[in-house]
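Q: I'd like a close look at the pockets of this protein, with a word on what lines them. Could you walk me through that part?

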Amino acid sequence: MGNVTVFVLLGLSKNQHIEVFCFVLFLVCYMAIWMGNLLVMISITFTQLVDQPMYFFLNHLSLSDLCYTSTVTPKLLTDLLAERKVISYNNCMTQLFVLHFLGAIEIFILTAMAYDRYVAICRPLHYTIIMNRQRCIEILAVCCTGGFLHSASQSLLITFLSFCDNNEIDHYFCDVYPLLKLSCTETHRIGLFVIVDSGLIALVTFVILMFSYCLILYTIRGYPAESRSKALSTCSSHITVMFLFFVPVLFIYIRPNTTFPEDKVFALFYTIIAPMFNPLIYTLRNNEMKNAIKKICYHQISL
C-alpha cells in the first residue's frame with residue numbers, strides 16, 4: 001500500500017462544460033439502464049419465459065448489467081460535478097474487485113447463452129434433456145465461481161503493490177493498468193498475469209463464441225425460412241451484444257502494461273453503453289420478449 005490512503009481520479013475531462021454535458025448524458029443513460037434491465041427482468045420473471053433456459057440466462061445477464069454499471073456510474077456522476085474527485089484506498093480496491101467479478105460473470109453468462117443456442121439449434125431433440133433447470137443453475141454457479149477466481153487473483157496481486165507519492169489515477173474508476181502505472185514497485189510480472197487473466201481469457205472466450213455462432217449459422221442453412229429467420233434474429237442479437245462488450249475489453253486488456261487516453265472512452269462501452277443497449281437489442285428483435293412486455297403492460301393497465 002505504501003503512503004497512499006486516497007487516490008485522485010482525473011476523470012473524463014478537465015473542461016467543466018464537457019463534464020456538465022457528460023453528467024446529463026450519463027444520468028439519462030443510467031436511468032435507461034435501470035428502466036430497460038428492470039423491464040427485461042420483470043417481463044421474464046412474471047411470464048412463462050422464466051422456464052426457458054435462454055431467458056433464465058438473460059434474466060441474470062440483466063441483473064449482472066445493473067450491478068456492474070452501478071459499481072462505476074454513480075461514482076462517475078458524483079465526480080463529474082465535484083471539484084476534487086477522490087476515492088479511498090479501500091474503496092478503490094473494493095471497486096476493482098467487484099468490477100472484475102461482475103465483468104467476468106457477464107462474459108461467462110454470454111458464453112452460457114451461446115452454448116444454449118448451440119444446443120437448441122444443433123441438437124434440438126436433446127435440448128430439454130441437456131438444458132434442464134438443474135443444468136442451468138449449475139452453469140450459473142460455474143459462471144459466478146469463475147468470476148470470483150478471476151477477480152480475487154487480480155485484486156490480491158494489486159494489494160501487494162506499493163504506491164509512493166503519486167496518487168493520481170488517469171481514469172474515472174479504479175482499474176488494473178492505471179494502478180500498475182502508479183505503483184513504485186516492479187510490475188512487469190503482474191502485467192503479464194493481467195494479460196493472461198483478463199486479455200487472454202476474453203480473447204479465447206470471444207473466439208469460442210464466434211466459432212459457435214459460425215457453427216450455428218452453418219447448421220441453419222437447411223432450415224425452413226421461418227425457423228431460419230427466428231434463429232438468425234436471436235443469434236444476431238447475441239452477436240451484437242458480444243461485439244459491444246468484447247471489442248473494448250480486448251482493446252484494453254490484451255496488450256502489455258500500458259495505458260492510453262482512449263482507454264477511458266473504450267471503457268464507457270462496457271461500463272455504460274453495452275448495459276444500456278442490451279435490453280433494447282434483446283427485446284426489439286425478439287418477438288417472445290416483446291409479447292411478454294406487452295402482457296406485463298396490459299396487466300398493469302387492467303389493474
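A: Happy to! Helix 9 supplies the largest share of the lining of the largest pocket, namely five residues. Please keep in mind that this is a predicted model. In total, 18 residues line the largest pocket, and R117, K230, A231, T234 and E288 are the ones that lie nearest its centre. Two or more lining residues come from each of helix 2 (53-70), helix 4 (89-122), helix 9 (225-253) and helix 11 (287-302). By class, this lining divides into eight nonpolar, six polar and four charged residues, and the volume of the largest pocket is about 510 Å³.

Helix 9 is also worth setting beside the database record. The unreviewed UniProt entry lists transmembrane regions that include residues 231-254. In the model, the span 231-254 is 96% helix and 0% strand, with its end C-alpha atoms 32 Å apart.

Now for the second largest pocket, which has a volume of about 180 Å³. Here helix 1 (16-45) gives the most to the lining, with five residues, while helix 10 (263-284) and helix 11 also supply at least two residues each. The full lining is made up of A32, M35, G36, L39, V40, M276, P279, L280, T283, K290, I293 and K294. Sorted by class, those residues are eight nonpolar, two polar and two charged. Helix 11 thus has a part in both linings: it gives two or more residues to the largest pocket and at least two to the second largest. The UniProt entry also places transmembrane regions at residues 20-46 and 266-284.

How values were computed:
Residues numbered from 1 in each chain as written. Predicted model: local features only at pLDDT ≥ 70, side-chain atom pairs only at ≥ 80, totals over all residues. Heavy atoms only, no water. UniProt positions renumbered as here; feature names shortened; annotations may be inferred. Helix = DSSP H or I, 4+ residues; strand = E, 2+ residues; numbered from the N terminus. 1 Å grid on protein atoms, 1.4 Å probe; cavity = no way out; pocket = protein on both sides within 12 Å on 5 of 7 lines; lining within 4 Å. Points joined across faces, edges and corners; volume = space filled by probe spheres on them. Nonpolar A, V, L, I, M, F, W, Y, C, P; charged D, E, K, R; others polar.
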